[in-house]
Amino acid sequence: MMRFGGDTSANAHFQRSDMSIQRIQITPFSDQKPGTSGLRKKTEVFQTPHYLAAFVQSIWQGIGGISGKTLVLGGDGRFFNDTASQIVLRMAAASGAAKVIVGQNALLSTPAASNLIRKRGADGGIILSASHNPGGPKGDFGIKFNAANGGPANESITDAIFEASKTLDGYDILEAEDLDLSQIGETQLGGMIVDVVDPVADYAEMMQGLFDFDAIRSLFAGSFRLRFDAMHAITGPYATALLEETLGAAPGSVINGTPLPDFGNGHPDPNPIWAKTLVDEMMGPDAPDFGAASDGDGDRNMIMGCGIYVTPSDSLAALAANATLAPAYAEGLKGVARSMPTSCALDRVAETLGIECHETPTGWKFFGNLLDAGRATLCGEESAGTGSDHVREKDGLWAVLFWLNILAQRKISVADLMADHWARFGRNYYSRHDYEGIDAAAANALMDHLRAALTDLPGATAGGMTITAADEFAYDDPIDGSHTAKQGLRIFFENGARLVFRLSGTGTVGATLRVYMESVETTVLDADAQEMLKNVIAAAQELAQIEDRTGRTAPDVIT
Ligand code: VG1
Ligand code: CO
């Protein structure tokens, strides 16, 4: 039986066990270069005959084969998740994997997959997700490989995968019927064991070990109210089990809790634009005490309180400042890390705590070495990603539980906690403006023009502010010495303000320009961020000529 269309005449058949392995000949694809987080394309691209399989075979080659290895497999449930997981299983069996541990119905949140890889001592894992990108036949699909530490493959592995994809002439796949992945337990696929596991159980158990569940329970036993928006994505079952069933949040606290293949036609990106219903409720009359949302694959978090949106950069800083209130971090933090565009609020906390603060390129893969080496305990990104050394991915629900643990101990509101934080550390006003789906050539020209101007910028003014330094961020990993260049253009101003430009590595249409803006305040602590940043916003326009070069008069998304 041929499952992928195309001409089968050139394909060899041979036997392993009682099922036959097919060698499917293909012409290599030239566009399978992983971006910030795995390979993301339009779903229809992944549905092109052999496209997904070619990338999976390239992964096998890029990691030196999978013979005898154990892998974890799961995805965020988006359209094509089920088909893709059956292909991955048959290919793993064909290439001699010993075992694949797969979430029931091929579902696993990204942090839960990371945990399973670590807990079960697997050699790695395949995560099927395009994270915050919309799903469905017209939406996006994605796939990424995580290594034995549970974290996203580092650049040397993703480079090896891409190199393999460029010359790949075929792939091996077992000829077999689809497995029933709804039944928990072990089955056999060719010579390989498939172990279908409850996607929530191990993760929930880990969370219980990190936080003071009794303290959180007593919060919910009082008048404390929570709203968690799972955005019809993967965190629904996790949030319902943990927040409602285990911790006692009122039934109905979790909304949009059933994962849907098209995320209910939504955009599972937890920010004030796409989680507007939640934001409106939290900013409206009779708002709950705490509001949160997560993304498609459950690794992002948006944190809100009654009447307040906490920027991800501020959330990271607040978690670091209050970390010892949670049992897992009671002994203190070994160090912290943030991606370069993330605000410097974290640096101020680290300075006070007297711990290391690392600045890495965008993408969770750069935190892995620091976490493995015990140089960082908490990590975060401005894009709503926060995590710790409990896994090697960012973790949305973990951040929610961490916040609840802190609120339960401090017995204050989110707004008061942040006011207290800013009074102590000062406030880094922060915003990111995204220009999505712009012409790729125009985006590259904008970056090239700015890059060429960098050396002449110090001493010049923009937005009425004097520029003190400008560079293109590069990172030297302190653990393995690897060098990563071209990670964003940075412009620093004499008043402590900062402006960063970079192009997204997760989009699937044209280019997305991200402009990150920050200013530091120690006196005015309760103002509107866009207002406080207006000079930095003006400087961005002046320096990059965004409107002239992209034709856009305003950003698509402001966070
Ligand atoms: C974006 C974010 C980045 C994040 C990445 C993956 O990347 O900016 O911080 O690590 O998405 O997150 P980019 O290259 O588009 O800026 V997820 O939750 O989409 O896996
Ligand atoms: Co995500």
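## Domains and how they meet

In this predicted model, the C-alpha centres of domain 1 and domain 3 are 36 Å apart. The two domains do touch: nine residues from domain 1 and six residues from domain 3 take part in the contact. Together, domain 1 and domain 3 bury about 590 Å², with 45% of that area on carbon and sulfur atoms.

To find these parts in the structure, use the residue ranges: domain 1 covers 13-196, domain 2 covers 203-425 and domain 3 covers 428-558.

## A pair of helices

Now have a look at helix H13 (residues 396-410) and helix H14 (residues 414-425), whose axes come within 11 Å and cross at roughly 85°. Angles from 65 to 115 degrees count as roughly perpendicular, so H13 and H14 are roughly perpendicular to each other.

Which residues make the contact? H13 brings Trp403, Ile406, Leu407 and Arg410, while H14 brings Val414, Leu417, Met418 and Asp420. Sorted by class, the contact has six nonpolar, no polar and two charged residues.

## How confident is the prediction?

The average pLDDT of the chain is 94, and 97% of the residues score at least 70. Residues 1-17 have a pLDDT below 50, although this stretch has 41 contacts in the model beyond near neighbours in sequence. Where pLDDT is low, predicted coordinates should not be read in detail.

Terms used: Residues are numbered from 1 along each chain as its sequence is written. Chains are lettered from A and ligands numbered from 1 in the order in which they are written. This is a predicted model: local features need pLDDT of at least 70, side-chain atom pairs count only at pLDDT 80 or more; totals for chains, interfaces and linings use all residues. Side-chain values use heavy atoms; hydrogens and water are left out. Axes are lines fitted to C-alpha atoms, for helices over the stretch in contact, and angles run from 0 to 180 degrees between N-to-C directions. Helices (H or I, at least four residues) and strands (E, at least two) are DSSP runs, numbered from the N terminus. Angles under 35 degrees count as roughly parallel, over 145 as roughly antiparallel, 65 to 115 as roughly perpendicular and the rest as oblique. Contact means heavy atoms within 4.5 Å. Ala, Val, Leu, Ile, Met, Phe, Trp, Tyr, Cys and Pro count as nonpolar, Asp, Glu, Lys and Arg as charged, and the others, Gly among them, as polar. pLDDT is the predictor's confidence in each residue, from 0 to 100. Domain bounds come from an automatic or database domain assignment. Buried area is the accessible area (1.4 Å probe) that two parts lose on being put together, summed over both.
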